[in-house]
Structures are given as structure tokens and as C-alpha cells.
2 protein chains.
Amino acid sequence: MTAHAFLPALAAEKLRAELRGILGASHVLTDADALPFLTDQRGQLTGRAVAVVRPANTAEVAQVVALCARHGTPIVPQGGNTGLCGGATPDDSGRAVLLSLARLNRIRSIDTENDSLVAEAGCVLAAVQAAANEAGRLFPLSLGSEGSCTIGGNLGTNAGGTQVLRYGNARQLTLGLEVVTPSGEIWDGLKGLRKDNTGYDLRDLYIGSEGTLGIITAATLRLFPQPAAERTAFVAFPSLPAAVEFLAVARIGLGESLTAFEVISSTCLDLVRRHIPQASFPGDAEERSAPWHALVEIGGSDDESATAQRLERVLANALERGLLRNAVIASSIAQSQALWHLRDALLGEALRRAGGATSHDISVPVSRIPAFIVEAEARLQRLVPGVQIYAFGHLGDGNLHYNALPPAELRSPQTHEQLRRLVHDAAVAQGGSISAEHGLGQVKNKELARYKSTVELQLMRAIKAALDPQGLMNPGKVLPPG
Amino acid sequence: MTAHAFLPALAAEKLRAELRGILGASHVLTDADALPFLTDQRGQLTGRAVAVVRPANTAEVAQVVALCARHGTPIVPQGGNTGLCGGATPDDSGRAVLLSLARLNRIRSIDTENDSLVAEAGCVLAAVQAAANEAGRLFPLSLGSEGSCTIGGNLGTNAGGTQVLRYGNARQLTLGLEVVTPSGEIWDGLKGLRKDNTGYDLRDLYIGSEGTLGIITAATLRLFPQPAAERTAFVAFPSLPAAVEFLAVARIGLGESLTAFEVISSTCLDLVRRHIPQASFPGDAEERSAPWHALVEIGGSDDESATAQRLERVLANALERGLLRNAVIASSIAQSQALWHLRDALLGEALRRAGGATSHDISVPVSRIPAFIVEAEARLQRLVPGVQIYAFGHLGDGNLHYNALPPAELRSPQTHEQLRRLVHDAAVAQGGSISAEHGLGQVKNKELARYKSTVELQLMRAIKAALDPQGLMNPGKVLPPG
């Protein structure tokens with residue numbers, strides 16, 4: 001395979017020569033050098049490109065985009081290539097230029113009195129967290145791929161993660177943006193303002209648009225005080241409605257010190273036990289027999305002992321009221337990390353080892369989570385008798401990662417599609433969404449025609465046509481085809 | 001004056017007849033009945049209209065908008081008519097229909113487990129607060145006009161107020177919207193989801209667009225736990241930089257329990273003393289001699305005594321470090337209300353009685369507030385020797401209400417314009433905004449050509465043309481003319 005099969009060879013070579021003129025030959029990759037950029041991280045999608053280009057700064061991004069606009073060449077922006085919906089992978093036409101933001105990786109400035117930081121799009125999320133930390137502040141966006149995903153990709157997809165309950169999505173953590181428009185102009189919207197009501201909210205329009213309206217090259221991000229102390233508890237619930245009720249109680253009793261509320265079904269824990277026998281679990285046999293569990297974390301301006309007391313008080317009160325069956329509070333950072341490791345790493349690994357599950361990233365209003373769970377499972381069992389459900393996720397955000405594993409003999413691409421439709425139908429029937437935090441990319445956009453109203457799709461198409469009239473920015477993503 | 005002077009009489013009468021057919025004659029107002037809707041609350045702007053219409057529900061709004069679209073008739077939406085920039089006042093062409101949302105005033109639903117509430121656009125803000133309160137929750141948007149402004153207007157202008165530091169602007173308090181588009185279709189985006197990454201962020205595009213892209217008819221709003229206890233302090237600072245430093249210290253020590261940080265210059269307090277002699281002030285003569293003061297409020301899940309201790313600890317520590325000169329903690333709700341009354345009512349009244357001040361609603365990064373104050377005053381004194389500055393506002397948001405009062409003999413419309421330009425230039429020079437929380441309307445939009453880049457104005461115009469191709473939605477607002 002070559003990376004540029006379908007563009008007339010001469011035109012492609014001319015374009016590459018011009019790109020080399022802008023960026024230098026070493027930052028215009030083709031053939032084998034380009035390949036790592038052309039396959040998504042799960043290895044399920046592969047595309048082609050005229051070239052992979054690696055500009056060093058915003059001005060070079062603008063020059064590349066302007067050049068592509070003149071040539072009518074599509075552009076696919078890419079950050080850490082960690083997306084789960086193929087948003088950063090080109091199609092197989094070989095017409096596009098893949099534009100990697102990886103070299104735009106400077107923290108441009110930190111302003112602790114304004115609690116803000118300006119980071120370029122290619123900064124790895126963990127590097128942004130570290131820069132905030134060094135300045136005595138917290139940048140709270142936190143997700144599994146934080147060691148390799150970039151802030152540009154986080155903003156392009158409006159990433160969520162485990163701290164949304166307290167701090168919001170990537171959208172809520174952003175004060176300003178710098179964007180290269182589809183014609184290659186630079187919009188400097190990096191103002192570090194908390195209030196600015198002077199016109200349309202371009203910032204939030206670009207955030208979550210997955211590179212289809214322009215390329216985010218830098219962002220002014222919000223910083224927060226570092227928590228003085230943190231505590232993690234592993235809580236067992238008699239039922240999912242009890243967990244929802246406890247969440248409301250915990251929000252009242254813990255206020256904004258409640259930073260995470262991650263539910264895990266007992267089926268998930270059983271799966272980890274089965275596939276990773278050496279994994280250790282908190283609690284005793286009785287705790288383990290509960291149908292639902294949650295990892296609850298608090299942190300704030302209280303000191304260690306006040307933080308612990310606060311959590312214990314809320315837990316003890318809920319225990320008395322029968323909202324929970326048992327709770328274990330981590331007594332050390334190592335124990336707390338072990339709980340998160342169970343939630344983040346072991347569960348993912350067990351699902352991989354089990355193989356064959358259809359996974360979903362759905363959200364519904366928090367109050368509808370129990371109804372969704374009951375309804376979806378009943379319908380799934382009718383469709384695929386014996387299907388196993390492994391559900392976990394951010395209860396506080398109404399966001400579940402919902403995995404359905406059919407018995408081995410019933411697994412097929414067709415079953416997979418039927419499961420997906422059923423789960424998405426069930427989420428939307430409860431007023432929910434088919435993509436809570438992963439975006440649409442080229443994987444889920446085709447379902448929009450089923451789940452969005454005609455009015456909403458028309459509005460989205462009108463915006464796309466207005467801001468990207470040539471349709472060159474990350475084509476085939478977000479909007480459904482046709 | 002009639003309300004429909006310039007539209008050919010026959011066409012206007014035909015339109016009014018059709019409007020009566022949709023809404024009934026009693027909800028199509030003309031002549032004297034229409035007048036109260038056609039002048040802005042400050043009495044500075046008056047427009048004309050074919051009619052003032054008062055639809056009862058979203059379907060009627062949609063019918064009216066579709067009718068106007070067919071006739072090519074402009075529409076000016078209006079909530080409580082409390083805006084400060086003329087955003088809800090029509091021009092004097094008499095061509096527009098003024099559409100009052102006041103009758104869309106139902107709280108459609110409350111979901112305490114999801115911490116959300118669906119309110120129609122015409123709900124008065126205080127009624128939304130009360131509905132939340134009755135359900136044992138807090139809706140934290142709070143501003144001076146809350147007894148008469150409506151949530152639709154709050155969202156149309158992305159209102160701010162005194163709790164932004166902790167809870168954010170109207171934008172951050174909104175989960176979903178229902179909007180009537182310029183063609184009269186209804187977009188149902190009322191989902192009560194905290195996470196939904198399935199396409200362009202239409203919600204945030206409509207919020208703050210001041211009715212120029214469509215009409216917000218209802219919103220799903222976020223609710224919060226009610227604070228278990230609150231405390232208010234009146235703090236005296238040796239300087240403005242010390243206040244900024246104390247804000248950072250307070251954010252770390254108080255975390256998210258810090259709900260308000262309102263600075264007031266000593267010139268403001270002197271003005272109140274001069275014009276309202278019966279007003280009482282906290283603190284002693286030494287406190288009063290400080291150049292800057294702040295009203296600091298905290299509230300959270302702590303009980304009364306823990307809340308008080310927390311505030312006292314942070315204040316005592318700052319006092320020791322010399323960041324503040326003195327602090328008085330209100331010992332009762334009445335005392336606390338008196339402090340807020342001083343900030344909200346008395347200060348406004350004193351400014352009105354003084355008369356002749358040019359007022360501004362600017363924001364800059366918090367860290368640049370001291371530089372802005374020094375720079376702006378120096379330049380103002382050169383322009384208008386003897387000018388008095390009365391500055392107060394939301395330091396935590398970098399938002400100042402900055403009033404400049406020239407000596408009586410130097411007051412003129414020309415001076416007024418020069419002052420305005422100078423203050424806005426000074427804010428923008430510090431990376432700031434000319435409208436932090438009041439929007440643009442028809443008063444500030446003309447300045448955008450000076451302060452926004454060509455790129456940004458082009459993007460705004462492209463969005464306007466895409467979503468309102470006939471240009472009928474609140475014409476002459478937000479976008480600069482031409």
C-alpha cells in the first residue's frame with residue numbers, strides 16, 4: 001500500500017513538494033513513515049493520505065491549511081491518535097493530508113492569579129496536568145489515555161473522564177481557543193476571561209466539532225486549587241436505585257468535595273476475578289455479593305482528618321438508612337490507587353481478555369439510569385438469550401460504559417449491530433445520548449439520522465456549510481453522510 | 001406615535017389580522033397597549049412595532065415566527081425587558097413584530113435525582129429560584145433584576161451576576177434548550193444530560209446570541225444542593241493587588257465554598273455616604289480609610305460553626321500576612337443582607353443620584369485588574385482632569401462595573417463618548433472585553449468593528465447568514481451594522 005493511491009500522481013507530488021517547501025522535507029511523511037498515523041489506536045480503521053504533515057507552530061498550520069484550501073485537498077487533523085470513533089483517521093480515498101498537531105506542544109504561559117494556562121494543541125494531557133501541578137494548581141481533566149492523548153484532541157471531542165462530576169467536561173475547562181479556519185486564517189480567541197458576552201460563542205462551537213469546522217491550535221485552560229486532601233471509598237449497594245439515591249445524598253452532604261462517583265456492576269467484578277485471578281478486591285464476601293458498587297472520591301480544601309470525617313459521616317448516615325450495604329475507605333494512597341486501578345486498568349483488561357463484547361458510551365439523565373438498566377437488559381435478553389452485561393461508568397454524569405457479551409455461539413457482526421441498535425434505542429428512549437464522551441467520528445455519525453431530529457441535522461449542516469464551504473475539514477466525520 | 005408607522009398600512013393590518021387569528025385579539029397589542037414594551041427599562045431607547053404579540057406556548061411562538069418569515073417581517077423577542085443594552089427594543093422603522101415571551105411562564109418539570117428543572121423562557125428568574133428552593137435545591141443564578149428579568153432573557157444574554165465565581169454564568173447552568181428557529185420550526189434540545197457529544201454545540205450557540213439566531217422558548221437548567229450554611233464578610237484591603245492576592249489565597253483555603261468576591265472602591269463608599277446619609281457602614285473609621293473593600297461570601301455543605309471557622313481561619317491568616325487591613329463578619333442574616341444591600345441597592349442609587357457617570361461593564365483576566373485600574377485612571381485623568389472613578393464588581397470573574405464621572409462643567413455627549421472609548425480601549429489592551437455580562441444589544445454592537453478581528457466578525461456573520469438567511473431575527477443587534 002502506498003499512502004496516496006488515488007490522487008493523480010502528478011498533482012499529489014506537486015502538493016507534497018509545496019508542503020515540503022513550507023515545513024521542510026523531514027516533516028512531510030509518506031509511505032512507511034506515514035503508516036502509524038493512518039490506523040486508529042484500536043487497529044480497526046485504516047485510511048490513506050497524500051502525506052502526513054507535522055507543522056511546528058500555528059503559522060505553519062495556517063500555511064498548510066491555506067495551501068490545501070487552494071488545492072481543494074481535504075485535511076484530517078490528529079492529536080495523540082487515541083480516539084475511539086475514528087475521528088482522526090482519514091478515509092481510504094488517499095486524497096487527504098493528515099495534519100498532526102504533535103509538534104505544537106508548548107505550554108505558552110501560566111497565570112496563577114488568573115488561574116489559567118495557555119497550552120498548544122499537541123500538548124499531551126499529562127504534560128498539561130504536570131505544568132499546572134508545578135505551578136501549584138490543578139488541571140482536573142483526567143482520563144485513561146492521559147499519557148498519550150493531546151489537549152487538542154480532548155477539546156475536539158469535548159472529552160469527559162472521571163472528574164466531570166466536580167469540574168465538568170473539557171468544554172467547561174476552557175476559557176479561550178486559537179483556531180485555524182478552513183481558509184487558513186488564524187482566529188485568536190485565547191482571551192483568559194471568565195466573562196465575555198460580545199457575540200456568538202465560537203469557542204464552544206469549535207469544542208466538540210472534531211476538526212470538522214477548523215483546527216484548534218491552542219487553548220486557554222482553567223486551573224483550580226489543588227485539593228488539600230483526598231479520600232476514596234469502595235461502596236456496595238443493595239440496588240442501583242439505592243446508588244442513585246445515595247448519589248443525591250452524597251451531593252448534599254459532600255457538596256463540591258465529591259469529585260468522582262464511578263459505579264461498577266458486580267458482573268464486572270466477577271469478570272475481573274475470572275480473567276485476572278491475581279487481582280485483589282476490597283471488602284469481604286458479603287460486600288462482593290452486592291449487585292452494584294461504586295468508587296466514591298472526595299477532595300477539597302479540608303485537611304486529611306476533616307476530609308475523612310466528612311466522608312465517614314455521609315457513609316454512616318446512608319448505611320443507617322439502608323442506602324448502602326457496606327463501604328471500605330482506602331487508608332493509604334496505595335489502597336486508593338489500587339481501587340482506581342481496578343476500575344481503570346483491570347476492568348478494561350478483563351473485557352479485552354473476555355473478547356467479543358459490544359461496547360457503548362451512553363448517557364441518560366441520572367434519574368433514568370435504573371430504568372435504562374432494567375429496560376435494556378430485558379430487551380437484550382429477548383434478542384440474545386444468555387447475553388452478559390458488564391456496565392460501569394460515571395453515575396454522577398449519567399454516563400455508562402455499557403458492554404454486552406453474547407454467548408460465544410451467538411456472536412456475529414449482525415448480532416453486534418443488533419445489540420448496538422438496541423442499546424442506543426434504549427438510551428434515546430430514556431432521553432439519552434448515543435455518545436456521552438467519545439464523540440462521533442466516522443463510527444457513530446451514521447446513526448445520527450436515526451436519533452437526531454431533521455431540524456437539528458439541518459442546523460448542523462447549515463453551520464458546516466457556512467464555516468467550511470468547501471467541505472475540506474475532516475470530511476466524513478460528525479455529520480452523517482448524504 | 002402609533003406603533004406601526006412605516007409599514008404600508010394595508011400590509012400591517014393584514015399581518016395583525018393573521019396574528020390575531022393565531023393568538024386571539026387580546027394577545028396582539030397595538031398603540032397605547034404596546035408602548036410599555038417598546039421602550040427599554042432605562043428609558044433611553046424607544047422603538048416601534050407592527051404589533052406586540054404575546055403567544056402562550058412554544059407552538060404559538062412557532063406559528064408566529066413562521067408567519068413573520070412568510071411576510072419577511074422582523075421579530076424582536078423580549079423577556080422581562082430589563083436588558084441594559086437595548087437588545088429587546090425594536091428599531092424605529094415600525095416594521096418588526098415584538099414577541100413577548102412573558103406568557104410562557106411554566107416550570108414544566110423538576111427532577112431532583114437528575115438535579116435539573118425545565119423552565120419556559122418567560123419564567124421570572126426569582127420564580128425559577130423559588131421552584132428550585134421548594135424542591136430542596138438551589139438554582140444559583142442571581143442578579144439585581146431577578147424579580148422581573150426572565151430566564152429566556154438571562155440565557156439570550158448569558159447573564160452573570162454575583163455567584164459566577166462558584167457556579168458560572170447562565171451558560172454553565174444550562175443543560176438543554178428548546179428553540180424556535182427563524183423559519184418557525186421547533187428544535188427540541190431539552191435533554192437533561194450532563195454529557196452528550198453528538199454533534200455541534202447548538203445550545204451554547206443560542207445562549208448569548210440575544211435572539212438573533214432563533215428564539216429560546218424553554219431550557220433545562222442545572223440545580224445544586226442548597227448550602228447548609230453561609231457567611232458574609234466585609235474586608236478592607238491596603239491595595240487592589242493585595243485584594244487579588246487574597247482572592248487566590250481564599251480560593252485555595254475556601255475551595256468551592258467561596259461563592260462571591262465583590263470588590264468596592266472606597267470612592268464608591270464615599271459616594272453612598274454623600275448621597276444616602278442614613279446608610280450605615282460596617283467597620284470603623286480605619287477600615288473605611290482603606291482604598292478597596294470586598295464583600296466575600298462562603299457557603300457549602302459545612303454547618304454554621306464549621307463555615308464560620310473556615311472563613312475566620314482564612315481571614316486571620318491573610319491579616320497576619322498583611323493582605324488585608326481589617327474584616328468584619330456578619331453575625332446574622334440581617335447583617336449579611338445589609339452588606340448585600342449596600343453593594344446592590346445603595347451603590348446603584350447613589351450613582352443615580354450623582355448622575356452623569358459613564359458606566360462600563362468590562363472584564364480582564366483577574367491578574368490584570370490592578371494594571372487596568374492604574375492605567376485607565378491615569379489616562380482618564382489626562383483626558384478629563386478631575387474625573388471621579390467609581391469601580392466595583394466581581395473580582396473573582398475579572399469583571400468590573402467601572403463608572404467615570406466628569407466634573408459637572410466638563411460633562412457632554414462628546415466627553416461621554418471619549419470616556420467610553422478610553423475605558424474600552426484600556427480593557428481590551430489588557431486582554432479584556434467591552435461587555436462582560438450585559439451583552440451587546442444595539443448599544444455596544446457598533447464597537448465590535450474596533451475590538452474584534454476581521455476573522456472573528458466574518459465567522460459571526462457566516463453563522464448569522466447560515467441560521468437566519470432572511471436576517472429577520474432581532475435585526476440590528478449583536479452584529480455591527482454593515
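Here are a few exercises on this two-chain model, each with a worked solution.

The model is predicted, so local features need pLDDT of at least 70 and side-chain atom pairs count only at pLDDT 80 or more, while totals for chains, interfaces and linings use all residues. Residues are numbered from 1 along each chain as its sequence is written, chains are lettered from A and ligands numbered from 1 in the order in which they are written, and side-chain values use heavy atoms, with hydrogens and water left out.

**Exercise 1. Work out the order of the strands in the open sheet of chain B.**

Step 1: Get the terms straight. Strands (E, at least two residues) and helices (H or I, at least four) are DSSP runs, numbered from the N terminus. Two strands pair if DSSP finds at least two bridges between them.

Step 2: Read off the order. The 4 strands go E1-E2-E4-E3, with mixed pairing.

Step 3: Look at the edges. E1 (28-29) and E3 (75-78) of chain B each pair on one side only.

Step 4: Zoom in on one pair. E1(B) and E2(B) (residues 51-53) run antiparallel and are joined by 2 bridges. Here Val28(B) sits opposite Val53(B).

**Exercise 2. Describe the contact between chain A and chain B.**

Step 1: Count residues. With contact meaning heavy atoms within 4.5 Å, each chain puts in its share: 86 residues from chain A and 86 residues from chain B.

Step 2: Find the area. Buried area is the accessible area (1.4 Å probe) that two parts lose on being put together, summed over both. The two chains bury about 6800 Å², 54% of it on carbon and sulfur atoms. On the chain A side, Lys195(A), Asn197(A) and Tyr200(A) lose the most area, together 15% of what that side buries.

Step 3: Look for charges. A salt bridge is a side-chain nitrogen of Lys or Arg within 4 Å of a carboxyl oxygen of Asp or Glu. The interface has 12 of these salt bridges, including Arg166(A) with Glu256(B) at 3.2 Å, N to O.

**Exercise 3. Find how chain A can be laid on chain B.**

Step 1: Superpose the copies by least squares on the C-alpha atoms of residues with pLDDT of at least 70 in both.

Step 2: Read the result. A turn of 180° and a shift of 0.0 Å along the axis give an RMSD of 0.0 Å. That's the relation of a two-fold axis.

Step 3: Check the surface. Both copies use the same one, as 100% of the contact residues of chain A recur in chain B.

**Exercise 4. Explain what the salt bridge between Glu120(A) and Arg108(A) ties together.**

Step 1: Find the pair. Their side chains meet at 3.0 Å, N to O.

Step 2: Place the residues. Glu120(A) lies in strand E6 (residues 116-120) of chain A and Arg108(A) in strand E5 (residues 107-111) of chain A, so the pair links parts 12 residues apart in sequence.
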